[in-house]
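Colleague: Hello! I am new to this one and would like to learn how to read it feature by feature. Could you walk me through?

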Amino acid sequence: MATSQSSWLLRHACPLAMPWTRTGNNIGLQVTNITYWRCSRANGGRIMAGMTMSTANCLAQPAQLQGEAVQVSKRSTRTGRGAAVAARHEEEGTDDEWLMYLEPAKLERTIHNLIQSGMVMNAARSPYHGFIYVAFQERATSISHGNTARRAKEHGDLSLARICGAIAADEKRHELAYTRIVGKLFEIDPDGAVRALAYMMRRRIVMPASLMTDGRDSDLFSQYGAVAQQAGIYTASDYRSILEHLINQWGVEELVATGLSDEGRRARDYVCALPRKIRRLEQKAHERNDKKARPTASIPFSWIFDRPVNITMA
């Protein structure tokens, strides 16, 4: 039975100067082309590659993204690359209704900024912490894409529902692989594994896009998360249910005290009590909302042509 002396985590402690991992684009990665995917009515609604564009203009200033206005039927007059894509799809008779709602250049700018910024995992530099992070994160993305697929189907967008459903299924397979890996860590080194799990949960699992920005709004991820919460795409209840699922999958509550160090036992007790604590916080939040309405703020999103979205403030 593993003991604290045999724990890989103790023998390979993360450097104190680097308590968590932040990835970044330090290798000169440069995205040179973006391919727009579209749904063609002429091909039975199949998803197919549309047009590929250079990203040179994406990194330019807003003034450089403007071009001659192009009028597209059933759409307002727009300029720049959005108009070019709309015109191309109009000529080919393809389904470009998504361009009525999304601004491609702003989406690309956000993506490129995120590639450059990297991500903060709040994870110590060990495979224990890294695999726990991705097991949780993959289940979260599977849930969020599955919920998006259901909402899309409810609103009649079957193509978007199929796309999000396929992504959700793919994320589910990733989750299964990482969950099995961490399960093996719990078998081989339960003390190190449960301590790594407690470490991660004390710092919360933050999604990889937490550093995203459109170059204008530094709070973009928080506002996007608030919209997802309100729409039921990914909520605090989902966060708790994921933790409950992983505790059950890895048999955390069944860990034998004799196989754990003092810190390992404290970590086990902390993790097992955490879902109940989160549930109590949820209940209190609902009670406060029932008694007093929370203020709302109207936030413009550049992705949707700066249309304002009402967000309930926490």
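Colleague: To begin with the surface, about how much area does the chain expose, and what share of it do carbon and sulfur atoms supply?

Modeller: One thing to keep in mind from the start is that this is a predicted model. The chain exposes about 17,800 Å², and 55% of that is supplied by carbon and sulfur atoms. Turning to the inside, buried residues account for 42% of the 314 residues in the chain.

Colleague: Thanks! How many helices and strands does the secondary structure come to?

Modeller: There are 9 helices and 6 strands in the chain. To see how the chain is joined up, look at contacts between residues at least 6 apart in sequence: 66% of them join residues at least 24 apart.

Colleague: Now the rings, please. How many aromatic pairs does a search of the whole structure find?

Modeller: The search finds 5 aromatic pairs. When reading a pair, look at the distance between the ring centres and the angle between the planes; planes under 30 degrees apart count as stacked. Phe 186 and Trp 250 are a stacked pair, with 5.7 Å centre to centre and 20° between the planes.

Colleague: Which parts of the chain does that pair tie together?

Modeller: Phe 186 belongs to helix α5 (residues 158–188), while Trp 250 sits in the loop between α8 (236–249) and α9 (262–291), so the pair ties together parts 64 residues apart in sequence. Both Phe 186 and Trp 250 are buried. Phe 301 and Trp 303 make a tilted pair instead, at 6.2 Å centre to centre and 50° between the planes.

Colleague: Are Phe 301 and Trp 303 buried or exposed?

Modeller: Here the cut-off helps: buried means under 20% relative accessible area. Phe 301 counts as buried because its relative accessibility is 6%, and Trp 303 is buried too, at 13%. Ring pairs also link Tyr 224 with Phe 301 and Trp 303 in a cluster.

Colleague: Rings can have charged neighbours as well. Which residue lies over the face of Tyr 270?

Modeller: That is Arg 202, at 4.3 Å from the ring centre. In another case, Arg 204 lies over the face of Tyr 239, at 4.4 Å from the ring centre.

Colleague: Let us move on to charges that pair up. How many salt bridges are found in the whole structure?

Modeller: There are 13 salt bridges. One of them joins the side chains of Asp 191 and Arg 195, with 3.3 Å from N to O. These two residues are 4 apart in helix α6 (residues 190–203), so about one helical turn separates them. Asp 191 and Arg 195 are both buried.

Colleague: What about Arg 240: which residue does it form a salt bridge with?

Modeller: Its partner is Glu 244, and the closest N and O atoms are 3.4 Å apart. Both lie in helix α8, 4 residues apart, about one turn of the helix. Arg 240 counts as buried at 10% relative accessibility, whereas Glu 244 is partly exposed at 30%. Arg 240 and Glu 244 also belong to a network of salt bridges with Arg 279 and Glu 282.

Colleague: Lastly, how many disulfides are there?

Modeller: A disulfide is a covalent bond between the sulfur atoms of two cysteines. In this structure the count is 0. As for cysteines, Cys 164 counts as buried at 7% relative accessibility, and Cys 272 counts as buried at 12%.

Technical notes: Residues numbered from 1 in each chain as written. Predicted model: local features only at pLDDT ≥ 70, side-chain atom pairs only at ≥ 80, totals over all residues. Heavy atoms only, no water. Phe/Tyr/Trp six-rings, centres within 6.5 Å; stacked < 30°, edge-to-face > 60°. Buried < 20%, exposed > 50% of the residue type's maximum accessible area, 1.4 Å probe, protein only. Lys NZ or Arg CZ within 6 Å of the ring centre and 35° of its normal. Disulfide = S-S within 2.5 Å. Contact = heavy atoms within 4.5 Å. Areas by Shrake-Rupley, 256 points an atom, 1.4 Å probe, with all protein chains shown as cover. Salt bridge = Lys/Arg side-chain N within 4 Å of Asp/Glu carboxyl O.
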